[in-house]
Amino acid sequence: MSDNFTALRDALPQILDGMGITLLLTLGGASLALVVAVALGLLARFDNVLVRGTARVFIEFFRGTSLVVQLFWLFFVLPRFGVELPALAVGIAALGLNYGAYGAEVVRGSINSVPQGQWEATTALSLSRTQRMWRIIFPQAWALMIPSLTNLLIQLLKGTAIVSIIAMADLTFMLGKLRQDTDTFFAYSVGLILYFVLAYILTLGMNAMEVRAKHKLGRGQSLRDVLSFRSLKASAGKGENQ
């Protein structure tokens, strides 16, 4: 076992480089996915059949085809049309388009979940369609969609592991090299721990974003209160007074 830890220590710089690639793919893919999700989620609600239909086709196509095949197509087929992208850009594009299609349904469903009374209020205030969406409806839908987007973000993080098939030296690729110097149990146990740590950090960040979004709507505590545990102190104080 000591030999395994020695090999891990020697491989640590390469593993950290792999984690950096994984984080770049996750953050880049998530940023693109968010843009795609919001755009398609809004377009899928248009009254115009052509616009709504185009959005539906895009969503169903990227949800209904394999992420691996999309990655291969972008990496191996696209150059035949004269468009050759770096492997990192291909990974970000594949992840962003695929998970963005799933996110579009989250966006559309969350907007539809905003109470009807809010829509009627915006009509009564004579707000334009754009004002109605961005000033009243979308902020409420944003708070509703964050938990589902958190799940997609974690799925996207784990989905980055497939980029090693286009020769990207991400975390999974480096764990494969570590397995050659140690053994399968040790190398992939280290992998489980590292992916869990990354996923938990992302979850904490998204939870903070949800608290902030709800507080801006007048629901729940502010992020500062949550982080300072003021509620716990207040509850403790009330308990002592009783």
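Does Ser 110 count as buried or exposed, and at what relative accessibility? The first close-up takes up that question, and the others move around the rest of this predicted model.

**View 1. Ser 110 sits in helix 4.** At 7% relative accessibility, Ser 110 counts as buried, because anything under 20% relative accessible area is called buried. Look at what its side chain is up to: it reaches the backbone oxygen of Val 106 at 2.8 Å. If you skip the neighbours within four places in sequence, Ser 110 is in contact with Ala 141, Leu 144 and Met 145.

**View 2. Ile 111 is one of the best-connected members of the largest nonpolar core.** This core has 53 residues, and Ile 15, Ile 111 and Leu 171 touch the most other members. Helix 1 (2-43), helix 3 (67-77), helix 4 (87-113), helix 6, helix 7 (171-181) and helix 8 (184-216) each chip in at least two residues. Helix 6 gives the most, with 13 residues. Zoom in on Ile 111 and, leaving out residues up to four places away in sequence, you'll find it touching Leu 42, Arg 45, Trp 119, Met 133, Ile 137, Phe 138 and Ala 141. Apart from this core lies another one, of 6 residues, including Val 36, Leu 40, Ala 55 and Ile 59.

**View 3. Helix 3 has buried residues along one face.** Here you can pick out Leu 67, Gln 70, Leu 71 and Leu 74, which are buried. Seen down the axis of helix 3, its buried residues fall within an arc of 100°, so they line one face. Here's a handy rule: an α-helix has 3.6 residues a turn, so residues three or four places apart point the same way. What covers the buried residues of helix 3 includes helix 2 (49-64) and helix 4. Now look at the start of helix 3, where a side-chain oxygen of Ser 66 comes to within 3.1 Å of the backbone nitrogen of Val 68.

**View 4. Ser 126 lies in the loop between helix 5 (116-124) and helix 6 (129-159).** Ser 126 is exposed, with a relative accessible area of 64%. Check its backbone too: phi is near 60°, a positive value in a residue other than glycine.

**View 5. Confidence varies between helix 4 and helix 10.** Among the elements of the chain, helix 4 has the highest mean pLDDT (96), while helix 10 (residues 230-241) has the lowest (55). For the chain, the mean pLDDT is 90, and 94% of its residues reach 70 or more.

Methods: Residues numbered from 1 in each chain as written. Predicted model: local features only at pLDDT ≥ 70, side-chain atom pairs only at ≥ 80, totals over all residues. Heavy atoms only, no water. Helix = DSSP H or I, 4+ residues; strand = E, 2+ residues; numbered from the N terminus. Buried < 20%, exposed > 50% of the residue type's maximum accessible area, 1.4 Å probe, protein only. Core = buried A, V, L, I, M, F, W, Y, C linked by side-chain atoms within 4.5 Å. Contact = heavy atoms within 4.5 Å. Polar contact = N/O pair within 3.5 Å; in protein donor to acceptor, adjacent residues only side chain to side chain. pLDDT = per-residue confidence, 0-100. Arc of directions from axis to C-beta.
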